[in-house]
Amino acid sequence: MTADHYLATGPRVGIRHFTPDDCAEFTARARESVALHHPWLQPPADDDAYAGYAAKLREPLREGFLICERDGGGIAGYLTINNIVHGAFRCGAIGYGGFAHAAGRGLMSEGLRLVLRYAFDDLGLHRLEANIQPGNERSLALVSRAGFRLEGFSPDFLFIDGAWRDHERWAITSEMVPEDEAS
């Protein structure tokens with residue numbers, strides 16, 4: 001993947017939209033990462049699931065980003081912005097997942113910072129929210145490092161892995177992104 005295909009780049013990763021050509025790599029990475037993701041999320045792990053997921057990301061109130069290593073272009077993870085509301089609210093809810101081969105290398109942190117800047121500058125959003133299960137320590141650490149603030153707790157919030165799960169509500173506004181990351 002050449003640099004001109006990225007929406008934004010950092011030192012080690014670039015972000016870009018999903019394409020049909022990403023199916024084989026994405027689903028293989030999802031299958032390799034089942035132990036890392038369970039019970040928090042279940043990214044599409046076969047062709048049909050990927051096609052449905054990618055189709056949803058083309059809906060007007062969603063954006064989907066692959067976080068790719070600049071060295072070789074491999075997919076390190078993904079991040080989606082869902083339930084985008086424009087007008088006075090200018091908000092969206094994020095969901096994300098890193099793949100096992102990239103875990104612990106800081107690639108998701110760098111990718112999240114790029115998506116934040118893209119969402120606030122290019123998409124014109126003011127606020128992004130993340131709903132995270134309290135036991136998902138990696139996810140909580142990711143948003144905390146990015147500058148999100150804890151805003152509350154929602155019992156029985158989302159139906160995941162066969163049950164209604166409690167979630168912490170985290171959010172960040174465009175003003176909260178550190179100035180050195182604003183460019």
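Start by selecting L128: not counting residues up to four places away in sequence, L128 touches I81, G92, I94, L116, A119, F120, F148, W170, A171 and I172. What you have open is a predicted model, so every stop on this tour describes computed coordinates.

**Stop 1: the cores**

Keep L128 highlighted and add L79, I81, I94 and F148. Within the largest nonpolar core, which has 32 residues, these five touch the most other members. To see where the core comes from, colour the elements that give two or more residues to it: the strands β2 (13-16), β3 (63-69), β4 (75-85), β5 (91-98), β6 (127-132) and β8 (163-173), together with the helices α4 (107-121) and α5 (137-146). Which element gives the largest share of this core? That is α4, with 9 residues.

Now hide that selection and pick C23, Y50, Y78 and F99. They are among the 13 residues of another core, which lies apart from the one around L128.

**Stop 2: strand β3 and its neighbours**

Next, select β3, residues 63-69. Is this strand buried or exposed? Of its 7 residues, 7 are buried, so β3 is largely enclosed by the rest of the structure.

Show the side chains and look along the strand. In a regular strand, side chains alternate between the two faces of the sheet. Here E63, F65, I67 and E69 point one way from β3, while G64, L66 and C68 point the other way. Both sets are buried.

Bring in the strands on either side of the pairing. β2 and β3 run antiparallel and are joined by 4 bridges. β3 and β4 also run antiparallel, with 6 bridges between them. C68 is a handy landmark for both pairings: G14 stands opposite C68, and in β4 the bridge partner of C68 is I75.

Follow the chain from β3 into β4 and you cross a hairpin with 5 residues between the strands. Pause at G72 in this hairpin, where phi is positive, near 105°.

**Stop 3: backbone details**

If you like checking torsions, there are three more places to click.

- Select H38 and P39. The peptide bond from H38 to P39 is cis, with omega near 5°. P39 sits in the loop between α2 (34-37) and α3 (47-56).
- Select N83. Although N83 is not a glycine, its phi is positive, about 55°. You will find N83 in strand β4, and with a relative accessible area of 57% N83 is exposed.
- Select D161. This residue, also not a glycine, has a positive phi of about 55°. D161 belongs to the loop between β7 (149-160) and β8, and its relative accessibility of 35% makes it partly exposed.

**Stop 4: salt bridges**

The structure holds 10 salt bridges. Three of them make good stops.

Begin in helix α1 (residues 23-32), where E32 and R29 both lie, 3 residues apart, about one turn of the helix. E32 forms a salt bridge with R29, and the closest N and O atoms are 3.0 Å apart. R29 counts as partly exposed, at 22% relative accessibility.

Then return to the end of β3 and select E69 with R105. These two form a salt bridge whose closest N and O atoms are 2.5 Å apart. Where in the chain do E69 and R105 lie? The pair links distant parts of the chain, with E69 in strand β3 and R105 in the loop between β5 and α4, 36 residues apart. At 15% relative accessibility E69 counts as buried, whereas R105, with a relative accessible area of 36%, is partly exposed.

Finish with R127 and E129. Their salt bridge has its closest N and O atoms 2.9 Å apart. R127 counts as buried at 16% relative accessibility, because the cut-off for buried is under 20%; E129, at 24%, counts as partly exposed. Add R149 and E151 to the selection to complete the picture: salt bridges that share partners join R127, E129, R149 and E151 into one network.

Definitions and conventions:
Residues numbered from 1 in each chain as written. Predicted model: local features only at pLDDT ≥ 70, side-chain atom pairs only at ≥ 80, totals over all residues. Heavy atoms only, no water. Core = buried A, V, L, I, M, F, W, Y, C linked by side-chain atoms within 4.5 Å. Buried < 20%, exposed > 50% of the residue type's maximum accessible area, 1.4 Å probe, protein only. Contact = heavy atoms within 4.5 Å. Pairing = 2+ DSSP bridges. Salt bridge = Lys/Arg side-chain N within 4 Å of Asp/Glu carboxyl O.
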